[in-house]
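Reader: Could you walk me through the ring contacts and any enclosed space in this one? I'd like to take it a topic at a time.

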Amino acid sequence: YGADTLRFTLITGQAPGNDQRFRYENVEASRNFANKIWNASRFVLMNLEDFQPNGLPPALSRHQRWILDRFAQAVHQTSELLEKYELGEAAKVVYEFIWGDFCDWFIELSKVSLYGKEDREKEKVKAVLCYVLEGTMRLLHPFMPFISEEIWQHLPRRGGDGALIKSPWPEPAEQLSDNQAREEMELVMQVIRSIRNLRSEIGIPVGKKTALILRAPAKYLNLLRQEEVFIQRLAWIEHFY
């Protein structure tokens, strides 16, 4: 996918009216992004074997509603920027959504359900993973057409097996917006980041689980208790008080 790497490098590095200096480190960053997309998609597709998509199920969890909200925002922002021909900014929105929200957070959060024993929860997280990955490939296609097409052809879909380039651009879905899930998940993620930073500052090795004493107002503490299993997994916490 060398052509995709170079294309993404040129798009994200462009500034209207300015000459662009070629830097190998920018190409390397785009290559790493392509690898990130490929590895994350392989993980998702591996877990979607024999899965038949049938829309989004009801009663989704907080982090599932959060990723759908973030996806809806990414679609809206990318569409607006492309209408203004701000290609570099549009590509950055897609980059930040895929690398940060989808790969670094949601895929890691989804592993709790995927590796759990509740079949109903597994099916829900598979439905969300499939929905978001499919929509993300539509967003990515103008910037990285080859890798997005390859992944698209392996996705379970209710439609035919046509090419991604013939598929419609994702429409901003207002019904997926969820301010509450966005605010609550931002708190949970900030707590996880703070724990990780604290572990690094005091030299606790990555992967070594520790206990945590957590003090917070009752309304926040109740929320964090509800997400305890995810905090334990992503911040390497054995339990907290």
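**Aromatic pairs, charges and a cavity**

Author: The structure, which is a predicted model, holds eight aromatic pairs.

Reader: What's the geometry between Phe8 and Phe33?

Author: Phe8 and Phe33 form a tilted pair, with 5.0 Å from centre to centre and 35° between the planes. The pair links distant parts of the chain, since Phe8 belongs to helix α1 (residues 2-12) and Phe33 to helix α2 (residues 24-47), 25 residues apart.

Reader: And is Phe8 buried or exposed? Same question for Phe33.

Author: Phe8 has a relative accessible area of 3%, so it counts as buried, and Phe33, with a relative accessible area of 0%, is buried as well.

Reader: OK, which pair have you got that's stacked?

Author: Phe102 and Phe106 form a stacked pair, at 6.4 Å centre to centre and with 20° between the planes. Both of these residues lie in helix α4 (residues 87-114), where they are four residues apart, about one turn of the helix.

Reader: How accessible are Phe102 and Phe106?

Author: Phe102 counts as buried at 2% relative accessibility, while Phe106 is buried with a relative accessible area of 0%.

Reader: Going back a bit, which residues form an aromatic cluster with Phe8 and Phe33?

Author: Tyr95 and Trp99 do; together with Phe8 and Phe33 they form one aromatic cluster.

Reader: Switching to charges over rings: what lies over the face of Phe43?

Author: That is Lys111, at 5.2 Å from the ring centre of Phe43. In addition, the charged end of Arg196 sits over the ring of Trp105, 5.4 Å from the centre of that ring.

Reader: Now the empty space. How many cavities of 30 Å³ or more are there?

Author: The structure holds one cavity of 30 Å³ or more, and the largest cavity contains about 40 Å³ of space.

Reader: What lines the largest cavity?

Author: Its lining is made up of Ile37, Ala40, Ser41, Ile98, Phe102, Cys103, Leu133, Thr136 and Met137. The elements that give two or more residues to this lining are α2, α4 and α5 (119-140).

Reader: So Phe102 turns up again there. What's the lining like by class, in terms of nonpolar, polar and charged residues?

Author: Yes, Phe102 is one of the lining residues, and it is also a member of the stacked pair with Phe106. By class, the lining of the largest cavity has seven nonpolar residues and two polar ones, with no charged residues.

Methods:
Residues are numbered from 1 along each chain as its sequence is written. This is a predicted model: local features need pLDDT of at least 70, side-chain atom pairs count only at pLDDT 80 or more; totals for chains, interfaces and linings use all residues. Side-chain values use heavy atoms; hydrogens and water are left out. Rings of Phe, Tyr and Trp (its six-membered ring) pair if their centres lie within 6.5 Å; planes under 30 degrees apart count as stacked, over 60 as edge-to-face and the rest as tilted. Buried means under 20% relative accessible area, exposed over 50%, partly exposed in between (1.4 Å probe, protein chains only). A charge sits over a ring if NZ of Lys or CZ of Arg is within 6 Å of the ring centre and within 35 degrees of the ring normal. On a 1 Å grid over the protein atoms alone, a cavity is a set of points where a 1.4 Å probe fits but cannot get out, and a pocket is an open set with protein on both sides within 12 Å along at least five of seven lines; lining residues have an atom within 4 Å of a point. Grid points are joined across faces, edges and corners, and a volume is the space filled by probe spheres set on the points. Ala, Val, Leu, Ile, Met, Phe, Trp, Tyr, Cys and Pro count as nonpolar, Asp, Glu, Lys and Arg as charged, and the others, Gly among them, as polar.
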